[in-house]
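Dear colleague,

I am passing on the structure we spoke about, with the sequence alongside. Please have it open while you read the notes that follow.

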Amino acid sequence: MLKNREIFKIPYSHYSIDNWEEKKSKILDQLDDKFTDYGDYELPPYESIVRQNISNELIDFSSYLDFPLSIMCMWYERSKRSHRHPVHNHGGAGFSAVMYVEFNPEVHESTVLYSPYGNPFTGALMSYRPDVKEGDIIFFPSSFLHEARPNESDEVRTIISFNMFDTQLLFAKKDELFGDKADEAVKRIAERAYDHTPNYDK
C-alpha cells in the first residue's frame, strides 16, 4: 500500500537574536559606511564579533541539520535609497545566512527567496519573503536564488551575510577545524554530503 509522502525537504531556519540592542551596537561599530565590503576579505575583522553574538543560533542550526558548519566568508551590505541586490545565489552547496542589522519592517522589504522548482499545479515560480524584524537571522541553502529588492526609503537597510560549509574547504582545513577527530569528521561529512538518496518511508 502506497502512502502520501514528501520526497524532498528544504532546510530553513529563522531566529530572533536575544539581547539584540546590546549586540547591535557592537556589530555596527565594526562596519564602514559604504554599500558593501564583499570581496575585501575571506573572513573580515568583525567576523569573530558576529560569530560570538550569534553562537546560540549557529549551534542550534547545526544541531537541526546534524551537520558541522563553519563560516567560510562574510560580508555586509548597507542599502541606502534605491540600492538593491539582483537575483543571485551563493554557490551550489552549503548554507547561507542573512542577519538583519538595521531593518524597519514598515519601510524595508526582507530578502525574497525563490523556490528551486515551480508550483506543481501551475508551473509558476514560487517565492517566499520571510516576515522579519531587526535582529532576526535566516538560514537557507546557498543554492537558493534570492534577491534584495530596492530600498524605497531614506532609512539605511543593513544586513550581514555569510556562507557556511563548502565541502572542499572543510576537507582542506580538516585538521584545523576538527583536530584529532579530523578523519572521523571527514568520513561523516562525506557520507552526508554525497548521499543523494531521498529519505522516505516505503
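In this predicted model, Met-99 is in contact, once its neighbours within four places in sequence are left aside, with Ile-17, Trp-20, Ile-27, Val-50, Ile-54, Asp-136, Ile-137, Thr-158, Ile-159 and Ile-160. Met-99 belongs to strand β4, and with a relative accessible area of 0% this residue counts as buried, because the cut-off for that term is under 20%. One of its contacts, Ile-17, is 82 residues away from Met-99 in sequence, although the two C-alpha atoms are 9.3 Å apart in space.

Two other contacts of Met-99, Trp-20 and Ile-27, are also among the buried residues of helix α1 (residues 20-28), which are Trp-20, Lys-23, Lys-24, Ile-27 and Leu-28. Viewed down the axis of α1, these buried residues fall within an arc of 125°, and so they line one face of the helix. The elements they pack against are α2, β2, β4 (95-102) and β9 (157-164).

A separate point concerns the second largest pocket, which has a volume of about 240 Å³ and is lined by 14 residues, with Arg-51, Leu-69, Ser-70, Ile-71 and Leu-177 lying nearest its centre. At least two lining residues come from each of α2 (47-53), α3 (55-65), β2 (71-79) and α5 (174-178), and α3 gives the most, with three. By character, the lining of this pocket divides into eight nonpolar, two polar and four charged residues.

With best wishes

Technical notes: Residues are numbered from 1 along each chain as its sequence is written. This is a predicted model: local features need pLDDT of at least 70, side-chain atom pairs count only at pLDDT 80 or more; totals for chains, interfaces and linings use all residues. Side-chain values use heavy atoms; hydrogens and water are left out. On a 1 Å grid over the protein atoms alone, a cavity is a set of points where a 1.4 Å probe fits but cannot get out, and a pocket is an open set with protein on both sides within 12 Å along at least five of seven lines; lining residues have an atom within 4 Å of a point. Grid points are joined across faces, edges and corners, and a volume is the space filled by probe spheres set on the points. Helices (H or I, at least four residues) and strands (E, at least two) are DSSP runs, numbered from the N terminus. Ala, Val, Leu, Ile, Met, Phe, Trp, Tyr, Cys and Pro count as nonpolar, Asp, Glu, Lys and Arg as charged, and the others, Gly among them, as polar. Buried means under 20% relative accessible area, exposed over 50%, partly exposed in between (1.4 Å probe, protein chains only). The arc is that of the directions from the helix axis to the C-beta atoms. Contact means heavy atoms within 4.5 Å.
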